Amino acid sequence: MTTQDLVTELKSVTYDLMSLLERETTGLRSLTSDEYEQFLSEKSALSMQYEQIVVKLRGRGEELRAMPEEDRAELRALQAEFQEAARRNMNVLQAAKATNERMVQAIVRAVNDKSKEDCTTYTRSAKTSKASLGGYGRTMNKTGGAYSVNETL
C-alpha cells in the first residue's frame, strides 16, 4: 500500500471516527444501553484502525514530506478537527460519568438514611418495641428478638 493510499485511508477513518464521536456526543442522553454498547464497539474498531494507520505512516516520514503541501495541510487540518471532536466527546463522557456517580451516591445516602430509621421489632412476648439498626437488619440492642420493617426503600 502506498503512502498516498494510507493517507487516503487515514482521512476516511478519521472522518468516520469524528462522525461517530459527534453522534455519541449529541446522543449520549437519549441512547439506550444497547445503542451505547454499539457505539463503544464501533469506536473501538475505528480507533484501532486509526492507530494502525498512524503507526504505518510514522515510518514513512520521507514520503509524507514529499507529498504536496496542499495534501499535508488538509491532513493537519483534519487532525486538528479530529482532536477537537475527541475533546468535546471526552468532556461529555466525563460529565455523564460525574452525573452517574452523583446519582449513585444519592441513592446510597438515601438507603443508608432509611436504614438508620427506627423500625418496629417484636419481643418474645409479642410486644412491639423500637430498635436501632446498625445496618441492614442488624439490631443494636442486645436483647435479641425478631423485627419487621413494613416499608420498602
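This report covers helix 2, the main nonpolar core and the salt bridges of a predicted model. Local features need pLDDT of at least 70 and side-chain atom pairs count only at pLDDT 80 or more, while totals for chains, interfaces and linings use all residues. Residues are numbered from 1 along each chain as its sequence is written, and side-chain values use heavy atoms, with hydrogens and water left out.

Helices here are DSSP runs (H or I, at least four residues), numbered from the N terminus. Helix 2 (residues 33-58) has 26 residues and spans 37 Å between its first and last C-alpha. Its buried residues (under 20% relative accessible area, 1.4 Å probe, protein chains only; exposed is over 50%, partly exposed in between) include Phe-39, Lys-43, Tyr-50 and Ile-53.

The largest nonpolar core (buried Ala, Val, Leu, Ile, Met, Phe, Trp, Tyr and Cys residues joined through side-chain atoms within 4.5 Å) has 19 residues, of which Leu-10, Tyr-50, Ile-53, Leu-57 and Phe-82 touch the most other members. Helix 1 gives the most to this core, with eight residues.

The whole structure holds 10 salt bridges (a side-chain nitrogen of Lys or Arg within 4 Å of a carboxyl oxygen of Asp or Glu). Three are tabulated.

| Pair | Closest N to O distance |
|---|---|
| Glu-22 and Arg-88 | 2.1 Å |
| Glu-24 and Lys-43 | 2.9 Å |
| Glu-84 and Arg-88 | 3.5 Å |

Glu-24 lies in helix 1 and Lys-43 in helix 2, so this pair ties together parts 19 residues apart in sequence. Glu-24 is buried at 1% relative accessible area, and Lys-43 is buried at 15%. Glu-22, Glu-84, Arg-87 and Arg-88 form a network of salt bridges.

Definitions and conventions: Helices (H or I, at least four residues) and strands (E, at least two) are DSSP runs, numbered from the N terminus. The expected span of a helix is 1.5 Å times one less than its number of residues.
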